[in-house]
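User: I should like to learn how to read the features of a protein model, step by step. Could we begin with a single contact and then widen the view?

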Amino acid sequence: MFFSFYSGFETMFFLVFFLILGVFIVTVVRGIAQWNKNNNSPRLTVNATVVTKRTNVTHHHHHHNDHGHITTSTTYYVTFQVESGDRMELSVSGHEYGMLVEGDNGKLSFQGTRYLGFERI
């Protein structure tokens, strides 16, 4: 009876381990593929308008011995609308996020999904 429980636990442990490992590998491969795609995309500068802005805040819990702490990270996104009417949401730095205002018109520079800059006109 004990052997049967141990064997089932061992099997489940390895299944979960390989599932987590698989998700990690897929995430890394997708990140590298997106980075490579951006590097191979042309650098474009187009007329655009800042449509909206948003943030994504994540909390990370860290435990060390009996002490724990929480770190918070914020990712900033800005949605631009180009002359054709298409919209694109790009991740920007906190500084850029603070400088951009909804309704701003200017020249958007980007490479694939990589934000390069925005110059107001």
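Analyst: Let us begin with a pair of side chains. In this predicted model, a polar contact of 3.0 Å joins the side chains of aspartate 104 and arginine 120.

User: Where is the place of aspartate 104 among the elements of the chain?

Analyst: Aspartate 104 sits in the loop between helix H2, residues 94–99, and strand S4, residues 105–111.

User: Does aspartate 104 count as buried or exposed?

Analyst: The general idea is a cut-off: a residue is called buried when its relative accessible area is under 20%. Aspartate 104 has a relative accessibility of 14%, and therefore counts as buried.

User: Which residues is aspartate 104 in contact with, leaving aside its neighbours within four places in sequence?

Analyst: A contact here requires heavy atoms within 4.5 Å. With those neighbours set aside, the partners of aspartate 104 are Ala48, Thr49, Val50, Met99, Phe118 and Arg120. Arg120 is also the partner in the polar contact described above.

User: May we apply the same reading to glutamine 111? In which strand is its place?

Analyst: Glutamine 111 belongs to strand S4. Its relative accessibility is 6%, so it counts as buried. Beyond its neighbours within four places in sequence, glutamine 111 touches Asn38, Asn39, Ser41, Pro42, Arg43 and Leu116.

User: How many residues apart along the chain are glutamine 111 and proline 42, and what separates their C-alpha atoms?

Analyst: The two are 69 residues apart along the chain, while their C-alpha atoms are separated by 5.9 Å. For the chain, among contacts between residues at least 6 apart in sequence, 47% join residues at least 24 apart.

User: How many helices and strands does the chain have, and in what order do its elements run?

Analyst: There are 2 helices and 5 strands. Read from the N terminus, their order is α-β-β-β-α-β-β.

User: What radius of gyration does the chain have, and what would a compact globule of 121 residues have?

Analyst: The chain has 22 Å, whereas a compact globule of 121 residues would have a value near 14 Å. The C-alpha trace spans about 75 × 35 × 20 Å along its principal axes.

User: What can be said of burial and surface for the chain?

Analyst: Of the 121 residues, 18% count as buried; aspartate 104 and glutamine 111 are two buried residues. The accessible surface comes to about 9,200 Å², with 61% of that area belonging to carbon and sulfur atoms.

User: How many positive and negative side chains are there?

Analyst: The chain has 9 positive and 9 negative side chains, and the centres of these two sets lie 6 Å apart.

Definitions and conventions
Residues numbered from 1 in each chain as written. Predicted model: local features only at pLDDT ≥ 70, side-chain atom pairs only at ≥ 80, totals over all residues. Heavy atoms only, no water. Helix = DSSP H or I, 4+ residues; strand = E, 2+ residues; numbered from the N terminus. Rg over C-alpha atoms; globule rule 2.2 N^0.38 Å. Buried < 20%, exposed > 50% of the residue type's maximum accessible area, 1.4 Å probe, protein only. Areas by Shrake-Rupley, 256 points an atom, 1.4 Å probe, with all protein chains shown as cover. Lys, Arg positive; Asp, Glu negative; His and termini not counted. Charge placed at Lys NZ, Arg CZ, Asp CG, Glu CD. Polar contact = N/O pair within 3.5 Å; in protein donor to acceptor, adjacent residues only side chain to side chain.
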